[in-house]
Amino acid sequence: SDDSDEARYKPAQKGYDRDFTMLTKVEDFYYSGYIYTKDNEPREICDVAIWQRQKFLEQEFGITLKRLPATGATAVEQFNNSVQGGGKICDVACLTGTDSMSAAVSGFLIDVNRIKGLNLAAPYWDQRIQEEYRIQDYLFTLEGDFNYIDDLRTFVTIYNDTMFEDLGFYDTYGSPYELSKDGKWTYAKMMEMIKECGHIDSGKGKPELDTWGMVSECSAPYYYFLGSGMKMLKNEGGKLSLSFENNWDLTYSTIEDYLNMDKDSAVVVANRPNSFSDSTDIWTTASDIFQYNRALFRSTSLSAVLRLLDMEDDYGIMPIPAYTEGQDGYYCWVDPGNHFPMTFPVTSWSEIDEIGEMAEVLGYYSLYGADSLNIAFYDLLAYARLCRRPEDKKMLQLVFANKTYDIDLALKISGTFSAIYDISYNKSYDTLSTSFTKVRDSAEETMKKRVSELVANLAKQNLN
């Protein structure tokens with residue numbers, strides 16, 4: 001139970017009296033990402049929780065959270081150069097899932113199973129990433145309550161409730177909540193609704209003033225494909241294998257079907273060239289189309305819902321639809337290029353017991369306590385402000401319970417994401433067959449190469 005977990009995992013009181021240095025690819029994401037550094041006292045819910053967390057850790061444990069100034073590509077470059085040269089740059093790094101897996105393959109990261117101070121089974125460490133990013137018996141990345149960005153970068157479908165009602169869909173299909181709860185929310189049903197809504201030309205020569213069935217994006221066919229439960233790569237207890245070996249035709253036809261979404265005349269793809277007459281801020285434009293009742297659906301990450309807090313009409317959040325009604329559940333993609341797991345550089349090994357303990361303190365007090373980041377993000381922000389009705393909260397809980405990580409893209413193995421994205425972006429649907437013949441023919445060799453590189457570089461670490 002939660003109470004027994006809280007007692008079981010409570011860190012021993014100890015004075016560390018040192019900095020806990022973090023190299024992070026982003027400083028903030030809508031709110032402070034890890035540490036509140038502004039001069040004035042925070043007002044936003046998550047900022048307040050992060051500020052209180054850092055004050056508590058300093059006061060009770062002598063842990064001073066410090067974030068190194070580098071961000072973006074500079075942070076990744078500094079990390080790789082420093083570790084390659086044998087220098088200690090930070091206690092932990094929070095780069096992207098993709099950056100982290102590249103660093104792991106290069107032998108730059110410690111297998112977290114070797115860090116004694118970590119309770120990996122504790123509820124403040126996400127268990128799914130431990131399964132899905134595991135390679136053989138090795139694990140290099142941790143997600144959990146220490147930050148909220150992976151949840152905001154989980155992909156969903158949002159629906160415009162006013163348009164849903166005006167189109168008579170409550171009578172035709174039932175409520176979005178019932179559809180989702182009963183496992184009847186499928187890609188085919190969504191496309192049926194999109195087609196029925198159609199594309200209504202405003203006559204003003206600006207697509208952003210037209211009405212659409214959906215505002216989409218070039219990556220959507222990829223994460224909708226993952227929503228079918230069909231991945232290109234299987235991970236069974238750390239053993240990677242290709243999942244399309246015995247069902248290539250089905251895999252190919254499913255991808256082709258999802259790409260049909262972006263070909264539909266009722267769908268506008270926000271980040272495709274010339275989708276809008278003004279492309280200076282395509283994501284604000286995409287949000288405006290939706291919030292001013294000019295799109296029935298929007299496929300996006302949950303972070304985009306933060307742009308809708310002032311929307312006058314109602315909206316709701318749904319999971320990425322299943323491909324068929326008989327599917328074993330929903331799958332909502334966490335983009336490896338936009339979530340930032342915690343990793344431990346190999347050059348921190350001499351202090352790793354203490355660093356592991358401090359990471360554990362950070363994780364524990366992000367979940368437990370009256371002012372925790374967990375309460376701030378879930379109860380006060382996600383469920384209280386992003387959700388407008390009780391069923392919205394249940395829907396968002398359904399989304400969070402069905403997050404899926406993506407080791408194929410994180411390890412850059414099959415190239416499926418790039419192939420789908422490029423086809424959607426360029427409308428080059430005639431290249432589908434040749435693009436996926438390359439994917440099929442090269443994936444196994446790439447997979448074996450990544451794993452053997454990783455194992456070889458781990459052997460060179462000489463950690464005692």
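Where is N462 found? N462 lies in the segment after α19 (432-459), helices here being DSSP runs of H or I with at least four residues, and strands E runs of at least two, numbered from the N terminus. This is a predicted model, where local features need pLDDT of at least 70, side-chain atom pairs count only at pLDDT 80 or more, and totals for chains, interfaces and linings use all residues. Residues are numbered from 1 along each chain as its sequence is written, and side-chain values use heavy atoms, with hydrogens and water left out.

**Positive phi**
- Most residues other than glycine have a negative phi.
- N462 has a positive phi, near 55 degrees, without being a glycine.
- N462 is exposed, at a relative accessible area of 62% (exposed is over 50%, buried under 20%, partly exposed in between, with a 1.4 Å probe and protein chains only).
- N293 also isn't a glycine, and its phi is positive at about 60 degrees.
- You'll find N293 in the loop between α13 (282-291) and β11 (295-301), partly exposed at 24% relative accessibility.

**The nonpolar core**
- The largest nonpolar core (buried Ala, Val, Leu, Ile, Met, Phe, Trp, Tyr and Cys residues joined through side-chain atoms within 4.5 Å) has 167 residues, and F20, F79, M190, Y224, M342 and F344 touch the most other members.
- Helix α14 (residues 352-367) gives the most to this core, with nine residues.
- Beyond its neighbours within four places in sequence, F344 has contacts (heavy atoms within 4.5 Å) that include F108, L109, I110, I352, I355 and A359.

**The β4-β1-β5 sheet**
- Three strands make an open, parallel sheet in the order β4-β1-β5; strands pair if DSSP finds at least two bridges between them.
- β4 (63-67) and β5 (92-94) sit at the edges, each pairing on one side only.
- On average, neighbouring strands in this sheet are turned by 30 degrees against each other, direction ignored (axes are lines fitted to C-alpha atoms, for helices over the stretch in contact, and angles run from 0 to 180 degrees between N-to-C directions).
- Five bridges link β1 (residues 18-24) to β4 in the parallel sense, and T21 has K66 in β4 as its bridge partner.
- α14 packs on the sheet, touching β1, β4 and β5, with its direction at about 75 degrees to that of β1.

**Strand β12**
- In a regular strand the side chains alternate between the two faces of the sheet.
- β12 (residues 315-318) is covered on both faces: Y315 and I317 are buried on one side, G316 and M318 on the other.
- β12 runs antiparallel to β6 (residues 155-160), joined by four bridges, and T157 has M318 in β12 as its bridge partner.
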